[in-house]
There are 2 protein chains.
Amino acid sequence: MLGPKRISATAIVAILVAIAGLSCLLTRAAAPASAETPDAPATLVEFTTDGKVKQPVGYRKWMYIGTPLTPNDLNGGEAPFPEFHAVYIDPESFAHYEKTGQFRDGTVMVKELLSVGTKEATSGKGYFMGEFTGLEISIKDSKRFKDEPGNWAYFSFGHTYPLKKESAKNAGASCNQCHQDNAKTDWVFSQYYPVLRAAAPRSK
Amino acid sequence: MLGPKRISATAIVAILVAIAGLSCLLTRAAAPASAETPDAPATLVEFTTDGKVKQPVGYRKWMYIGTPLTPNDLNGGEAPFPEFHAVYIDPESFAHYEKTGQFRDGTVMVKELLSVGTKEATSGKGYFMGEFTGLEISIKDSKRFKDEPGNWAYFSFGHTYPLKKESAKNAGASCNQCHQDNAKTDWVFSQYYPVLRAAAPRSK
């Protein structure tokens with residue numbers, strides 16, 4: 001009986017490990033890298049049936065890549081973008097970028113807008129982040145946005161709170177043309193995002 | 001021969017799934033929440049036998065919390081902190097902060113320094129991040145730093161590249177006093193970190 005018993009025990013162990021393995025693999029498949037807490041999204045972004053994109057959730061846990069600042073007081077009081085911009089990319093697309101230097105299909109970039117808060121602190125005069133004021137995202141998708149230059153589409157959830165819950169694609173070339181003309185890498189202003197620059201394979 | 005062949009195929013599948021499962025489980029066990037790529041750290045920070053801290057790895061994948069900026073040109077050419085500061089907190093301590101509003105024992109905060117790059121772009125006049133120039137961290141540890149105010153210790157890996165690989169604790173009250181006098185929450189300048197402010201339980 002020794003032989004069969006050994007086989008049986010081995011089989012049970014193999015089945016248990018297989019179940020654990022399948023469970024583990026399925027969990028990983030369902031959860032993006034950003035899902036560090038229960039409120040993180042099961043999908044990066046969701047679309048409504050009429051093609052609007054829903055406000056992303058959990059993006060502050062994505063990869064931060066840089067912060068441009070063009071305040072009103074340096075632009076005659078009428079800056080086109082008077083806020084701090086905290087810019088993120090979804091973690092899986094960042095991992096792909098680290099390997100290839102390319103933005104993969106499905107890349108989501110987030111530009112969170114923050115007011116200029118105080119302009120003086122114990123560390124000196126300057127600019128300190130105030131309140132969250134707005135949210136914009138761009139998505140690269142060669143199927144959904146096959147007619148957009150570079151396959152990038154741009155969405156705004158507003159520049160004042162409360163933000164919109166859903167956003168239709170920005171009309172025409174409102175964002176795309178400037179990105180196409182001035183952004184360094186595939187419609188992305190990588191020249192202003194040091195984390196992206198350092199992560200590109202050629203920089204290593 | 002049909003029966004044995006079927007069993008054999010099932011066994012092979014079970015073994016393959018088991019191998020995948022084990023591999024998956026082992027990877028997850030070894031990797032902290034921030035370890036989205038192989039180069040991420042197995043521990044948050046490591047100390048040398050003589051109490052220096054080694055340069056942290058993978059911190060750009062931690063939680064970004066804010067970017068103060070006090071450039072030279074607004075501080076008579078001699079700003080105490082003339083760089084952009086990209087500030088991060090380790091993800092597990094952030095999760096604890098989200099629940100409690102407290103910085104747990106073991107919290108690591110990273111201040112990455114970036115030069116001011118260009119001051120004009122198509123989006124307007126302002127400040128755009130240039131190159132990485134320095135790295136500083138603070139660690140809260142009630143055992144290791146039991147004699148420090150608030151149990152916080154401060155470390156600098158330098159303000160020019162190449163950075164130091166290890167750093168001894170900053171002497172005396174060089175950083176601590178200012179943090180103690182001016183930082184809003186437990187020696188942390190949370191008033192300038194909107195992501196922290198929004199994450200605190202009282203803000204929800």
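## Aromatic rings and buried strands in a predicted two-chain model

A:Arg144 lies over the face of the ring of A:Phe47, at a distance of 3.5 Å from the ring centre. The model in which this arrangement appears is a predicted one, and the values given below were computed from it. In chain B, B:Arg60 is likewise placed over the face of a ring, that of B:Phe132, at 3.7 Å from the ring centre.

### Pairs of rings

A pair of aromatic rings is described by the distance of the centres and the angle of the planes. Over all chains, the count of aromatic pairs comes to 22. In one of these, A:Phe47 and A:Phe155 have ring centres 6.5 Å apart and planes at 70°, and because planes over 60 degrees apart count as edge-to-face, this pair is given that name. The two partners come from distant parts of the chain, 108 residues apart, since A:Phe47 belongs to the loop between α1 (2-30) and β1 (53-54) of chain A, while A:Phe155 belongs to strand β8 (residues 152-156) of chain A. Is each partner buried or partly exposed? A:Phe47, with a relative accessibility of 22%, counts as partly exposed, whereas A:Phe155 has a relative accessible area of 1% and is therefore buried.

Another pair, formed by A:Phe128 and B:Tyr192, is tilted, with 4.7 Å from centre to centre and 40° between the planes. This pair joins two chains, because A:Phe128 is found in the loop between β6 (124-125) and β7 (129-140) of chain A and B:Tyr192 in the loop between α3 (176-182) and α4 (194-199) of chain B. Both A:Phe128 and B:Tyr192 are buried.

The table sets the two pairs side by side.

| Ring pair | Centre to centre | Angle between planes | Kind |
|---|---|---|---|
| A:Phe47 and A:Phe155 | 6.5 Å | 70° | edge-to-face |
| A:Phe128 and B:Tyr192 | 4.7 Å | 40° | tilted |

Ring pairs also link residues of both chains into a cluster, which is made up of A:Tyr59, A:Tyr64, A:Tyr88, B:Tyr59, B:Tyr64 and B:Tyr88.

### The nonpolar core

Which residues touch the most other members of the largest nonpolar core? Of the 90 residues in this core, they are A:Ile137 and B:Ile137. When neighbours within four places in sequence are left aside, the contacts of B:Ile137 include B:Val45, B:Val53, B:Val108, B:Tyr154 and B:Phe155.

One of these partners, B:Val108, has its place in strand β4 (residues 108-116) of chain B, and with a relative accessible area of 1% this residue is buried. Outside its neighbours within four places in sequence, B:Val108 is in contact with residues including B:Leu44, B:Trp62, B:Tyr88, B:Ile89, B:Ser93 and B:Ile137. The C-alpha atoms of B:Val108 and B:Tyr59 are separated by 9.7 Å, and these two residues are 49 residues apart along the chain.

### A helix with a buried face

In helix α2 (residues 91-100) of chain B, the residues B:Pro91, B:Ser93, B:Phe94, B:Tyr97 and B:Glu98 are buried. Seen down the axis of α2(B), these buried residues fall within an arc of 155°, so they line one face of the helix. An α-helix has 3.6 residues a turn, so residues three or four places apart point the same way. Among the elements that cover the buried residues of α2(B) are β2 (63-66), β3 (84-89), β4 and α4 of chain B. Just after α2(B), B:Gly101 takes a positive phi of about 75°.

### Strand β3 in each chain

In chain A, strand β3 (residues 84-89) is mostly covered, with six of its six residues buried. On one side of β3(A) the buried residues are A:Phe84, A:Ala86 and A:Tyr88, and on the other they are A:His85, A:Val87 and A:Ile89, which leaves both faces covered. Strand β2 (residues 63-66) of chain A pairs with β3(A) in the antiparallel sense over three bridges, and A:Met63 has A:Ile89 as its bridge partner in β3(A). Between β3(A) and strand β4 (residues 108-116) of chain A, which run antiparallel, there are six bridges, and the partner of A:Ile89 in β4(A) is A:Met109.

In chain B, six of the six residues of β3(B) are buried. Its two faces are both covered, with B:Phe84, B:Ala86 and B:Tyr88 on one side and B:His85, B:Val87 and B:Ile89 on the other. Three bridges join β3(B) to β2(B) in an antiparallel arrangement, and here B:Met63 is partnered by B:Ile89. The antiparallel strands β3(B) and β4(B) are joined by six bridges, and B:Tyr88 has B:Val110 as its bridge partner in β4(B).

Key. Residues numbered from 1 in each chain as written. Chains lettered and ligands numbered in written order. Predicted model: local features only at pLDDT ≥ 70, side-chain atom pairs only at ≥ 80, totals over all residues. Heavy atoms only, no water. Phe/Tyr/Trp six-rings, centres within 6.5 Å; stacked < 30°, edge-to-face > 60°. Helix = DSSP H or I, 4+ residues; strand = E, 2+ residues; numbered from the N terminus. Buried < 20%, exposed > 50% of the residue type's maximum accessible area, 1.4 Å probe, protein only. Lys NZ or Arg CZ within 6 Å of the ring centre and 35° of its normal. Core = buried A, V, L, I, M, F, W, Y, C linked by side-chain atoms within 4.5 Å. Contact = heavy atoms within 4.5 Å. Arc of directions from axis to C-beta. Pairing = 2+ DSSP bridges.
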